[in-house]
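This report covers a hairpin, one buried residue and a pocket. Please read it alongside the sequence and structure shown here.

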Amino acid sequence: MINVIFAELKNDYNIYVEFNNGANGNIDFRKILEEDHREIIKELLNMDIFKTVKVNLNTLCWDNEVDFAPDFLYNQVENQKNKNVA
């Protein structure tokens, strides 16, 4: 089971994430947030809310009670790495 063990807000909507299997990388949330139709997710476009990110329950969570599944986050990191290799 993939779990987030560390996260650090870098700049804008980028978060560096480390997983319990040793994988790590940056996730750019801007496009993810802009393309989601749910209002609670759109709230994260407000940088004051986005900055409240923390690791809780083995994933990323925000003060507005949004969280993303660790598997989704892991796939985002792996997809970014694959783009950088291509």
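In the hairpin of strands E1 and E2, Asp12 takes a positive phi near 45°. Four residues lie between the two strands of this hairpin. The model is a predicted one. E1 covers residues 4-9 and E2 covers residues 14-19, and the two pair in the antiparallel sense over five bridges. One residue of E2, Phe19, is the bridge partner of Val4.

Val4 is also among the residues in contact with Thr59, when neighbours of Thr59 within four places in sequence are left aside. On the same basis, the other contacts of Thr59 are Lys54, Asp67, Phe68, Ala69, Pro70 and Leu73. Thr59 belongs to strand E5, residues 59-61. Is Thr59 buried or exposed? Thr59 counts as buried because its relative accessibility is 5%, and the cut-off for buried is under 20%. A polar atom of the Thr59 side chain lies 2.3 Å from the backbone oxygen of Phe68.

The largest pocket holds about 260 Å³ of space. Strand E3 (24-28), helix H1 (29-35) and helix H4 (70-85) are the elements that give two or more residues to its lining. H4 gives the most, with four residues. The lining includes Asn14, Asn26, Lys31, Glu35 and Gln76. Its residues divide by class as follows.

| Class of lining residue, largest pocket | Number of residues |
|---|---|
| Nonpolar | two residues |
| Polar | five residues |
| Charged | four residues |

Also in the lining are Ile27, Asp28, Ile32, Asn79, Gln80 and Lys83.

Notes:
Residues are numbered from 1 along each chain as its sequence is written. This is a predicted model: local features need pLDDT of at least 70, side-chain atom pairs count only at pLDDT 80 or more; totals for chains, interfaces and linings use all residues. Side-chain values use heavy atoms; hydrogens and water are left out. Two strands pair if DSSP finds at least two bridges between them. Buried means under 20% relative accessible area, exposed over 50%, partly exposed in between (1.4 Å probe, protein chains only). A polar contact is a pair of N or O atoms within 3.5 Å; within protein, one must be able to donate a hydrogen and the other to accept it, and residues adjacent in sequence count only if both atoms are side-chain atoms. Contact means heavy atoms within 4.5 Å. On a 1 Å grid over the protein atoms alone, a cavity is a set of points where a 1.4 Å probe fits but cannot get out, and a pocket is an open set with protein on both sides within 12 Å along at least five of seven lines; lining residues have an atom within 4 Å of a point. Grid points are joined across faces, edges and corners, and a volume is the space filled by probe spheres set on the points. Ala, Val, Leu, Ile, Met, Phe, Trp, Tyr, Cys and Pro count as nonpolar, Asp, Glu, Lys and Arg as charged, and the others, Gly among them, as polar.
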